[in-house]
Amino acid sequence: MTTATQVQLRRGTAAQVAAFTGAQGEVTPDMTNRRLVLHDGSTVGGFPQASESYVQTQIAALTAGNSTNLLLGRTCV
């Protein structure tokens, strides 16, 4: 039988993660929005990373002929 090590990350709701300043290089799961947040040790709330569903929604909007580039917030020409 092999021995496995379980790793558990600090996690919380969107509000909890937004108020949290994680250690440099720490990753916290935002359980409300189902995404990971990267921390630099000084920025409150860290840097939320796009979830797969968010990216898929943005791509669908762009390929549906939407003239606004939702990823960059600019109008496409």
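Start with the whole chain in cartoon view and follow it along the sequence: the pattern reads α-β-β-β-α-β-β. That gives two helices and five strands in the chain. Keep in mind that this is a predicted model.

Next, switch on the surface. The accessible surface of the chain comes to about 5900 Å², and 56% of it belongs to carbon and sulfur atoms. If you colour by burial, 19% of the 77 residues count as buried. For a contact map, take the contacts with a separation of 6 or more: residues 24 or more positions apart account for 8% of them.

Now for a buried stop. Select strand β1, residues 27-30, and pick out Thr28 within it. Thr28 has a relative accessible area of 3%, and it is buried because that value is under 20%. Show side chains here and look for His39: a polar contact of 2.8 Å joins its side chain to that of Thr28. Then widen the selection to what surrounds Thr28. Leaving aside neighbours within four places in sequence, Thr28 is in contact with Arg10, Val17, Phe20, Arg35, Leu36, Val37 and His39.

For the last stop, move to helix α2, residues 52-63, and select Thr63. Is this threonine, Thr63, buried or exposed? Its relative accessible area is 64%, so Thr63 counts as exposed, the cut-off being over 50%. Finally, display the backbone of Ala60 and find its oxygen: a polar atom of the Thr63 side chain lies 3.2 Å from it.

With both threonines on screen, you can set the two stops side by side: Thr28 is buried, whereas Thr63 is exposed.

Note on methods: Residues are numbered from 1 along each chain as its sequence is written. This is a predicted model: local features need pLDDT of at least 70, side-chain atom pairs count only at pLDDT 80 or more; totals for chains, interfaces and linings use all residues. Side-chain values use heavy atoms; hydrogens and water are left out. Helices (H or I, at least four residues) and strands (E, at least two) are DSSP runs, numbered from the N terminus. Buried means under 20% relative accessible area, exposed over 50%, partly exposed in between (1.4 Å probe, protein chains only). A polar contact is a pair of N or O atoms within 3.5 Å; within protein, one must be able to donate a hydrogen and the other to accept it, and residues adjacent in sequence count only if both atoms are side-chain atoms. Contact means heavy atoms within 4.5 Å. Accessible areas come from the Shrake-Rupley method with a 1.4 Å probe; for residues, only the protein chains shown count as cover.
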